[in-house]
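User: I would like to go through this structure by question and answer, with the reasoning set out before each result. Please begin once it is on display.

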Amino acid sequence: MTETFQNKQKIFGTYPDYLKNALSATDTSEAIEEITNWQGYKPTELHYLSNLASKIGIQTILYKDESTRFNLGSFKALGGAYGVLRFIQNKLAIELDCEIKIKDIRNGKYLDYTNKYTVTTATDGNHGRSVAYGAKLSGCKCQIYIHAEVSKGRQRAMEEFGAKIIRIQGNYDESLRICIEEATKNNWQIISDTSYEGYTQYPRYIMAGYTVLAHEIAQQLNAKNLPTHIFLQAGVGGFAAAIMAYFWEHYSEEKITFIVVEPILAPCLIESAKLNKLTIFDIQEETMMAGLSCGEPSLIAWRILKAGTDHFMTITDEDVPELMRQMAKGLGDDPSIEAGECSVSGLAALIEAKSNAHIAEQLNLNKNSRVLIFGTEGATDPEIYEEIING
């Protein structure tokens, strides 16, 4: 851990009405109803890491394992694909002037129309794979922009769904800039998990898709076992905001402590919190936690995170490989878990916070704490994963 920041802007009590313009219970219920009816859907595992919790000195660690989600290996499968299907639904409703059901799109009813549409996005890998998956489900074309540091393995995973991949020089934010320019020029639809002025509709759909995780957790637990602390890793912040919004709106009386975790090499949210305004961070070096390497926060995500986060934290890459190996092995009777680079970020922050008496006291992190962390990805690039695990 390199830095912590206590959010003085934190709002307590019920989920504010003004944030429902960013994400609401209606958004989430629609997404949950749709996604839980996809072919191959099943809830992912919520593991209790009892031995690891005992070693750290807390009551419980709950680990939501997204390594098996729709065989795409990442929670991102829930967001990008749903965003694509909502775009196709909206487009067809206008073109055909009738009500369009998403299940009919998935079943191929409108292929004569959908094959002329193109969706596009910029990605570090996992989101692009989900968008490509959604394009295949709906029968539309897909063009994806990746930056110089995205691995060949993650590129191939997107190409397997029929996406055309364009690799650019520069970082994620540069790939997003080019994606926006090309989409405007060619009349393609951007399906991005980050939002900005004039572009919020599809990031909102994508965030709603992510809440399927939170809905599953709510069903896998009962009120007495709800977490006291939730550590949320963040890139642009969409995932963190979605999970925060769900728990805040459904369990506002539980006083859950929300901690947002970023790499020190891409700390756009903690910098935004310190300056009390959305702030762009110029990334100079890429973190090994590729999915978190983002320099500009999502506009609507930031609105939620600014209001709901208790603490922002940054971590280094230093402990990531060893924690991945520890998860693969399992501590004592804890299960062996395939945890990708981003999946151990919450755990790294938890360990650092608990080992620092001052921070642990600030967070009220103690032997009675029940902590929820998210294994947001598995081995999304198997070659890189094996290199780390066997390193």
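User: Leaving aside neighbours within four places in sequence, which residues is Ala31 in contact with?

Analyst: In this predicted model, Ala31 is found in helix α1, residues 25-35. Its relative accessibility is 0%, so Ala31 counts as buried. Once neighbours within four places in sequence are set aside, the contacts of Ala31 are Tyr82, Ala208, Gly209 and Val212.

User: What separation is there between the C-alpha atoms of Ala31 and Lys136?

Analyst: Along the chain, Ala31 and Lys136 are 105 residues apart. In space, the distance separating their C-alpha atoms is 19 Å.

User: How far does helix α3 reach from its first C-alpha to its last, and which residue follows it?

Analyst: Helix α3 covers residues 80-96 and has 17 residues, for which 24 Å is expected at 1.5 Å a residue. Its buried residues include Tyr82, Val84, Leu85, Phe87 and Ile88. The computed reach is close to that expectation, at 24 Å. The helix is followed by a residue whose phi is positive, near 55°, namely Asp97.

User: What is the order of the strands in the sheet of 7 strands?

Analyst: This is an open sheet with mixed pairing, and its edge strands, each pairing on one side only, are β1 (3-6) and β2 (46-48). Neighbouring strands are turned by 20° against each other on average, with direction ignored. Read across the sheet, the order is β1-β10-β9-β8-β11-β3-β2.

User: How many of the residues of strand β11 are buried?

Analyst: Arg370, Leu372 and Phe374 point one way from β11, while Val371, Ile373 and Gly375 point the other way, and all are buried. Strand β11, residues 370-375, is therefore largely enclosed by the rest of the structure, the count of buried residues being 6 of the 6.

User: Over how many bridges do β3 and β11 pair, and which residue is the partner of His229 in β11?

Analyst: Strand β3, residues 60-65, runs parallel to β11, with Thr60 opposite Arg370 and Asp65 opposite Gly375. The number of bridges in the pairing of β3 with β11 is 6. Strand β8, residues 229-233, is also parallel to β11 and is joined to it by 2 bridges. In that pairing, the partner of His229 is Val371.

User: Which strands stand at the edges of the sheet of 4 strands?

Analyst: The strands of this open sheet are arranged as β6-β5-β4-β7, with parallel pairing. Two of them have a single partner strand each, so one side of each is left without a neighbour in the sheet, and these are β6 (164-167) and β7 (189-190).

User: Which residue stands opposite Thr120 in β7?

Analyst: Strand β4, residues 118-123, pairs with β7 in the parallel sense over 2 bridges. Across this pairing, the residue opposite Thr120 is Ile190.

User: At roughly what angle do the axes of helices α6 and α7 cross, and which residues of α7 does α6 meet?

Analyst: Helix α6 (residues 126-138) and helix α7 (residues 152-159) have axes that come within 8 Å and cross at roughly 10°. An angle under 35 degrees counts as roughly parallel, so α6 is roughly parallel to α7. By class, their contact has 3 nonpolar, 2 polar and 2 charged residues. On the α6 side, Asn126, Gly128, Arg129 and Ala132 take part, and they meet Arg154, Ala157 and Met158.

User: What angle does α6 make with β4?

Analyst: Helix α6 lies across β4 and β5 (141-146). The angle at which α6 runs to β4 is about 170°.

Note on methods
Residues numbered from 1 in each chain as written. Predicted model: local features only at pLDDT ≥ 70, side-chain atom pairs only at ≥ 80, totals over all residues. Heavy atoms only, no water. Buried < 20%, exposed > 50% of the residue type's maximum accessible area, 1.4 Å probe, protein only. Pairing = 2+ DSSP bridges. Expected span 1.5 Å × (residues − 1). Axes fitted to C-alpha atoms, helices over the stretch in contact; angles between N-to-C directions. Parallel < 35°, antiparallel > 145°, perpendicular 65-115°, else oblique. Contact = heavy atoms within 4.5 Å. Nonpolar A, V, L, I, M, F, W, Y, C, P; charged D, E, K, R; others polar.
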